[in-house]
Amino acid sequence: VPQFVSLLLISRALEPQGPEVEPSVISRQLRRRLKRNEWALHNQIHLIVWILCLMLLSRLLILAAAMVSSCLAGSLDELFHAAISHWVRWDAAGYINLARNGYASAPDMLNYLPLYPYLVRFFAFLCFGHYVFAGFLVSNLALLVAGWALFRLVGAEHGERAARRAVILMMFSPLSLFFSVPCAESLFLMLTLLAVLCARNRAFLPAVLLGMLS
């Protein structure tokens with residue numbers, strides 16, 4: 001009797017619990033969903049490539065302006081001989097020093113918040129100890145993500161045309177120089193934009209965490 005009851009319960013559990021759907025209908029729905037996901041992924045890749053091209057073009061324009069200024073100042077040879085370290089000035093030098101030696105070596109720099117130098121230290125480990133290159137890498141990756149987040153935010157409110165204009169203005173702003181050198185500005189911008197984007201999408205816990213990191 002117990003075996004009969006258990007078999008009866010199993011057979012009822014295996015019975016269809018609603019109207020049957022033809023396999024062809026399910027396959028069509030699955031194909032449509034996969035096509036939508038593929039199209040969305042294609043759009044995101046296209047957007048990231050477009051932002052990356054804007055970044056490269058605007059950085060080249062900044063470099064050209066620096067070369068013209070160096071020619072006028074008679075220090076173009078310094079720019080060529082120190083193509084990377086030439087940009088490590090002011091706060092950038094402090095962040096690189098913190099990433100390399102920590103706060104114990106510079107107790108007067110406690111006002112420099114730790115997230116950026118710790119990220120630079122992590123990327124420097126991946127870059128075989130090149131701290132300056134790691135600083136440039138962190139800053140420009142953060143700028144790329146910030147451009148994507150800005151596009152999403154403005155696009156949701158004002159449409160794609162306004163979103164593209166906003167990203168172009170951000171990339172070609174003269175002060176965007178500080179978004180590419182080893183400083184924390186691009187990381188701050190990225191985290192702030194992502195926090196606002198998450199809050200707008202009602203993902204409040206990630207928004208709080210991103211705001212805290214910002």
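This report walks through the fold, the core, the main pocket and a few individual residues of a predicted model.

**Overall picture**

Let's start with the broad strokes. The protein is built from nine helices and has zero strands, so reading from the N terminus the order is simply α-α-α-α-α-α-α-α-α. There are 214 residues, and 32% of them count as buried. The exposed surface comes to about 14,300 Å², with carbon and sulfur atoms supplying 70% of that area. As for how the chain comes back on itself, take the contacts between residues at least 6 apart in sequence: 55% of these join residues at least 24 apart.

**The nonpolar core**

Now for the inside. The largest nonpolar core has 52 residues, and V120, V167 and M171 are the ones with the most contacts inside it. Seven helices are named as each supplying at least two residues: α2, α4, α5, α6, α7 (160-172), α8 (185-200) and α9 (204-213). Which helix gives the most to this core? That is α6, with 13 residues.

V167 is a good place to zoom in. Leaving out residues up to four places away in sequence, V167 touches W50, I51, L54, G147, L150 and F151. For background, nonpolar side chains in soluble globular proteins tend to be buried together.

**Helix α4 and what comes after**

Helix α4 covers residues 91-101, and its buried residues are A92, G94, Y95, I96, L98 and A99. What do these buried residues pack against? Their partners are α5 (115-126) and α6. Just past the end of α4 sits G102, with a positive phi of about 85°.

**Two positive phi values outside glycine**

Two more residues have a positive phi, and neither is a glycine. W90 has a phi near 55° and sits in the loop between α3 (76-81) and α4. F128 has a phi near 60° and is placed in the loop between α5 and α6.

Are these two aromatic side chains buried or exposed? W90 counts as exposed because its relative accessible area is 71%, over the 50% cut-off. F128 has a relative accessible area of 75%, so F128 is exposed too.

**The largest pocket**

The largest pocket has a volume of about 530 Å³. It is lined by 19 residues, and those closest to its centre are R59, L60, F136, N140 and S180. By class, the lining has 16 nonpolar, two polar and one charged residues. Where does the lining come from? Helices α2 (23-73) and α6 (131-158) each supply at least two residues, and the largest share, seven residues, comes from α2.

**Three buried residues and their distant partners**

A66 is placed in helix α2, while L191 is found in helix α8 and A195 also has its place in α8. Why do they count as buried? The cut-off is under 20% relative accessible area, and A66 has 17%, L191 has 6% and A195 has 11%.

Each can be paired with a residue further along the chain:

| Pair | Apart in sequence | C-alpha to C-alpha distance |
|---|---|---|
| A66 and L76 | ten residues | 8.9 Å |
| L191 and L209 | 18 residues | 9.4 Å |
| A195 and G211 | 16 residues | 5.5 Å |

The contacts fill in the picture for the two α8 residues. Setting aside neighbours within four places in sequence, L191 is in contact with L115, L210, L213 and S214. With residues up to four places away left out, A195 touches A207, L210 and G211. L210 therefore turns up in both lists, within the 4.5 Å that defines a contact.

**Pulling it together**

To recap, this is a model with nine helices and zero strands, in which α6 gives 13 residues to the largest nonpolar core. Helix α2 gives seven residues to the lining of the largest pocket. The loop residues W90 and F128 are exposed, whereas A66, L191 and A195 are buried.

Terms used: Residues numbered from 1 in each chain as written. Predicted model: local features only at pLDDT ≥ 70, side-chain atom pairs only at ≥ 80, totals over all residues. Heavy atoms only, no water. 1 Å grid on protein atoms, 1.4 Å probe; cavity = no way out; pocket = protein on both sides within 12 Å on 5 of 7 lines; lining within 4 Å. Points joined across faces, edges and corners; volume = space filled by probe spheres on them. Helix = DSSP H or I, 4+ residues; strand = E, 2+ residues; numbered from the N terminus. Nonpolar A, V, L, I, M, F, W, Y, C, P; charged D, E, K, R; others polar. Buried < 20%, exposed > 50% of the residue type's maximum accessible area, 1.4 Å probe, protein only. Areas by Shrake-Rupley, 256 points an atom, 1.4 Å probe, with all protein chains shown as cover. Core = buried A, V, L, I, M, F, W, Y, C linked by side-chain atoms within 4.5 Å.
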